[in-house]
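Ready to practise reading a protein model? Work through the exercises below with the structure open beside you, and try each task before you look at its solution.

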Amino acid sequence: MNEISKYISLKQYVPIGTPEISNFELKSEEIKIENKDEVMVLNQFISVDPYMRARMTEKKNYKEPFKIGKAMDGLAIGKVIQTNSNNFNVGDIVSSNLGWRDKYATSEKNIKKIINQDIPLSAYLGPLGMTGHTAYIGLFKIGKIKENQTVLVSSAGGSVGSTVCQIAKMMNCKVIASTGSDKKVDWLKNELNVDHAFNYKKIDNLVLYLKEVCPEGFDIYFDNVGGDFLESAIFRMKNFGKIIICGRISQMSATSAGSGLKNMAHVLVKRLTIRGFLIFDHENDSDNFQQDMTKWIIEGKIKFKETIYDGIDKAPQAFVDLLNGKNIGKMLVKI
Ligand code: NDP
């Protein structure tokens, strides 16, 4: 049976500055399943992620730019509503990378069945999805976190950051968490039990502040923001400290190239390791993550919050608001 699919596409590239809702448009098209291996899926949740900002420019990045006028791809969880496939039944819950659409028709090759449904579906886009995997790989494989270390986390009230904080706490680490609103500070302190959380927007001199709240310095800095925050953190690293470069959201929409790090001498003298990583390189290393994270969520050791906007037409607003820090935890759109 034919259906109408509504989807969001990019109207034009946005080389610099913060994207606006007017950069996107809601479109629709008729869809149907024809071939033997095809299914039709009604999305339940779609993921709204900072990396999408980098795909809104024509510049070559680690992923292709979005195609103007086409549906924006990205992670989503949905339910099979029609099937020609022997491997998928109506009602199966599946994940895809087909993005900002309410429904889609596709080959079974483009979807993956989700088996454990005792956990809320949306978690498969958060702690049990790409952002949780990023936190896990970043800490264990890239940062080689050890028990009782001191860990600084930026964008700690977001999806990756809040998972990083909780894993580090499970490792008996001392966690200092930075975020951009008092509400997020409260959540980090009172529910996620970090050792100290602060609103970076209220701090005049970050280097002095970090020295005051954590005089011994940091073994690990999990960097989600880049820019001036990274430079300040370098000043406060311990000898042989590790900086995990996960994201650079403070620079993604910047209108100038910035001046670069001015304190590389600290990297040398303290013998720091600074290492970037992309989770896409670790897709085949997810078994331990899935086992551990499923257990931790069921045991209540990993808590998660979500900021959920309702309806495919709200995806652009959710994205603009994500870049402006209006989310607590994972930003999602519910279909
Ligand atoms: P978040 O849930 O953390 O949301 C983004 C947050 O960034 C906002 O809520 C806001 O929080 C913060 N932010 C926005 N502008 C600034 C700024 N100028 N300075 C400091 N903070 C800012 O997103 P995710 O958890 O999905 O992603 C976190 C980071 O991890 C991002 O940088 C993302 O690109 C990166 N990432 C990297 C991956 C990889 O493979 N390396 C994979 C997935 C994500 P606040 O209120 O604190 O300002």
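A residue is called buried when its relative accessible area is under 20%, exposed when it is over 50%, and partly exposed in between. Keep in mind that this is a predicted model.

**Exercise 1. Find where S155 sits, and decide whether it is buried, partly exposed or exposed.**

Solution.
- Step 1: Locate the residue. S155 belongs to the loop that links strand 8 (150-153) to helix 3.
- Step 2: Apply the cut-offs. The relative accessibility of S155 is 31%, so it counts as partly exposed.
- Step 3: Look at the backbone. S155 is not a glycine, yet its phi is positive, at about 50°. As background, most residues other than glycine have a negative phi.

**Exercise 2. Go along strand 12 (residues 237-245) and classify N239, F240 and G241 by accessibility.**

Solution.
- Step 1: Begin with N239, which is part of strand 12. Its relative accessibility is 46%, so N239 is partly exposed.
- Step 2: Move on to F240, also in strand 12. At 53% relative accessibility, F240 counts as exposed. Its phi is near 65°, a positive value in a residue other than glycine.
- Step 3: Finish with G241 in strand 12. G241 has a relative accessible area of 2%, so it is buried.

**Exercise 3. Which residues do N239 and G241 touch, if residues up to four places away in sequence are not counted?**

Solution.
- Step 1: For N239, the partners are V269, K270 and R271. N239 and V269 are 30 residues apart along the chain, while their C-alpha atoms are separated by 7.9 Å.
- Step 2: For G241, the partners are F218, D219, R271, L272 and T273. G241 and D219 are 22 residues apart along the chain, with 4.5 Å between their C-alpha atoms.
- Step 3: Compare the lists. R271 appears among the partners of both N239 and G241.

**Exercise 4. Decide whether T179 and S253 are buried or exposed, and list their contacts beyond four places in sequence.**

Solution.
- Step 1: T179 lies in strand 9 (residues 174-179). With a relative accessible area of 3%, T179 is buried.
- Step 2: The contacts of T179 are A156, G157, K184, V185, L188, F198, N199 and Y200.
- Step 3: S253 is in the loop between helix 7 (249-252) and helix 8 (264-269). Its relative accessibility is 17%, so S253 counts as buried too.
- Step 4: The contacts of S253 are I16, G17, T18, P19, R53 and L323.

**Exercise 5. Why can helix 2 be called largely enclosed by the rest of the structure?**

Solution.
- Step 1: Count the buried residues. In helix 2, 11 of the 13 residues are buried, so the helix is largely enclosed by the rest of the structure.
- Step 2: Name some of them. The buried residues include M130, H133, Y136, L139 and I142.
- Step 3: Look past the end. Just after helix 2, K144 has a positive phi of about 45°.

**Exercise 6. Describe the surroundings of the ligand: which residues come nearest, and which polar atoms lie beside its oxygen atoms?**

Solution.
- Step 1: The shell holds 27 residues, of which V160, K184, Y200, I279 and N327 come nearest.
- Step 2: Check the polar atoms. A polar backbone atom of S159 is 2.9 Å from an oxygen atom of the ligand. For a polar backbone atom of N224, the distance to a ligand oxygen atom is 2.8 Å. N327 uses a polar side-chain atom, at 2.5 Å from an oxygen atom of the ligand.
- Step 3: Consider the cover. Taken alone, the ligand exposes 910 Å², and the protein buries 91% of that.
- Step 4: See what builds the shell. Helix 2 (130-142), helix 3 (159-170), helix 7 and helix 10 (315-323) each give two or more residues. The largest share, 3 residues, comes from helix 2.
- Step 5: Sort the shell by class. It has 12 nonpolar, 13 polar and 2 charged residues.

**Exercise 7. Where does the ligand lie with respect to domain 1 and domain 2?**

Solution.
- Step 1: Note the division of the chain. Domain 1 covers 3-126 + 305-334, and domain 2 covers 130-280.
- Step 2: See how the domains meet. Their C-alpha centres lie 29 Å apart, and 21 residues of domain 1 are in contact with 17 residues of domain 2.
- Step 3: Draw the conclusion. Both domains give residues to the shell around the ligand, so the ligand lies between them.

Notes:
Residues numbered from 1 in each chain as written. Predicted model: local features only at pLDDT ≥ 70, side-chain atom pairs only at ≥ 80, totals over all residues. Heavy atoms only, no water. Helix = DSSP H or I, 4+ residues; strand = E, 2+ residues; numbered from the N terminus. Buried < 20%, exposed > 50% of the residue type's maximum accessible area, 1.4 Å probe, protein only. Contact = heavy atoms within 4.5 Å. Near = heavy atom within 4 Å. Polar contact = N/O pair within 3.5 Å; in protein donor to acceptor, adjacent residues only side chain to side chain. Areas by Shrake-Rupley, 256 points an atom, 1.4 Å probe, with all protein chains shown as cover. Nonpolar A, V, L, I, M, F, W, Y, C, P; charged D, E, K, R; others polar. Domains from an automatic or database assignment.
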